[in-house]
Amino acid sequence: MPITDPGVRDRPHRKTSSRGQHRRQLLLDAAAELVLESGFAAVSHRSVAGRAKLPLSATTYYFTSLEDLVREAVSALVEGWLAGVRLVVADCPARIRGVPQVADALLRVAAFVPAQGETAILQSTLTLYERYLEAARHPHLRPVIVRYDEQLDVLLAEV
């Protein structure tokens, strides 16, 4: 992802109407879908705008940079993943006995895969690893992934 002009990054978020909030959400959803389907490298202003069926200029109108858009999209994905993990934890038996059952429960929590089917599982697993690689490469994603890991640790402790 290219580095943007620091002056652009300092621009505050725009206050938007309900229509504007809807368009902003469409952009976030599109970016999140692209991350899940094709990885972080697939996310660009043009690809997000095209997926959202909005003008290219909307990406820079509603987000101060591509980094800002990706960070917010990944934050939304993280919240969804954590909600899914919480359901997995809640579904675990009150007492887990035996090493194989404990290992299975921990693996279902740590490597949460929201979708079913071989292709979906493969893609979810790739996304799991890619989010850590991207956080290592791009400092703007680190706080999002650190927050995810901290909350995941709490859920793993519950198991």
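The following exchange covers one helix packing and several salt bridges in a predicted model.

Trainee: What makes α2 and α5 roughly perpendicular to each other?

Mentor: Helix α2 (residues 18–38) and helix α5 (residues 66–91) pack at an angle of about 75°, with their axes 9 Å apart. Angles of 65 to 115 degrees count as roughly perpendicular, and α2 and α5 therefore fall under that term.

Trainee: Which residues of α2 and α5 meet?

Mentor: On the α2 side they are Arg-24, Leu-27, Leu-28, Ala-31, Ala-32, Val-35 and Leu-36. On the α5 side they are Leu-69, Glu-72, Ala-73, Leu-77 and Trp-81. By class, this contact has 10 nonpolar, no polar and two charged residues.

Trainee: Why is the pair Glu-79 and Arg-147 called a salt bridge?

Mentor: Their side chains meet at 3.3 Å, N to O. The cut-off is a side-chain nitrogen of Lys or Arg within 4 Å of a carboxyl oxygen of Asp or Glu, so the pair qualifies. By this rule the count comes to seven salt bridges.

Trainee: What does the pair Glu-79 and Arg-147 tie together?

Mentor: Glu-79 lies in helix α5 and Arg-147 in helix α8 (residues 142–158), so the pair ties together parts that are 68 residues apart in sequence.

Trainee: Are Glu-79 and Arg-147 buried or exposed?

Mentor: Neither term applies. Glu-79 has a relative accessible area of 38% and Arg-147 one of 29%. Buried means under 20% and exposed over 50%, with partly exposed in between, so Glu-79 is partly exposed, and Arg-147 is partly exposed as well.

Trainee: How do you know that Asp-104 forms a salt bridge with Arg-108?

Mentor: The closest N and O atoms are 3.3 Å apart, and the limit is 4 Å. Asp-104 and Arg-108 both lie in helix α6 (residues 99–110), four residues apart, about one turn of the helix. Asp-104 is partly exposed at 41%, as is Arg-108 at 35%.

Trainee: Why does Glu-134 count as buried?

Mentor: Its relative accessibility is 7%, and buried means under 20%, so Glu-134 meets the criterion. Arg-137, with a relative accessible area of 53%, is exposed, because the limit for that term is over 50%.

Trainee: What links Glu-134 and Arg-137?

Mentor: Their side chains meet in a salt bridge of 3.0 Å, N to O. Being three residues apart in helix α7 (residues 118–137), they are separated by about one helical turn.

Trainee: Which residues are linked in a network of salt bridges?

Mentor: Glu-33, Glu-37 and Arg-51.

Note on methods: Residues are numbered from 1 along each chain as its sequence is written. This is a predicted model: local features need pLDDT of at least 70, side-chain atom pairs count only at pLDDT 80 or more; totals for chains, interfaces and linings use all residues. Side-chain values use heavy atoms; hydrogens and water are left out. Axes are lines fitted to C-alpha atoms, for helices over the stretch in contact, and angles run from 0 to 180 degrees between N-to-C directions. Helices (H or I, at least four residues) and strands (E, at least two) are DSSP runs, numbered from the N terminus. Angles under 35 degrees count as roughly parallel, over 145 as roughly antiparallel, 65 to 115 as roughly perpendicular and the rest as oblique. Contact means heavy atoms within 4.5 Å. Ala, Val, Leu, Ile, Met, Phe, Trp, Tyr, Cys and Pro count as nonpolar, Asp, Glu, Lys and Arg as charged, and the others, Gly among them, as polar. Buried means under 20% relative accessible area, exposed over 50%, partly exposed in between (1.4 Å probe, protein chains only).
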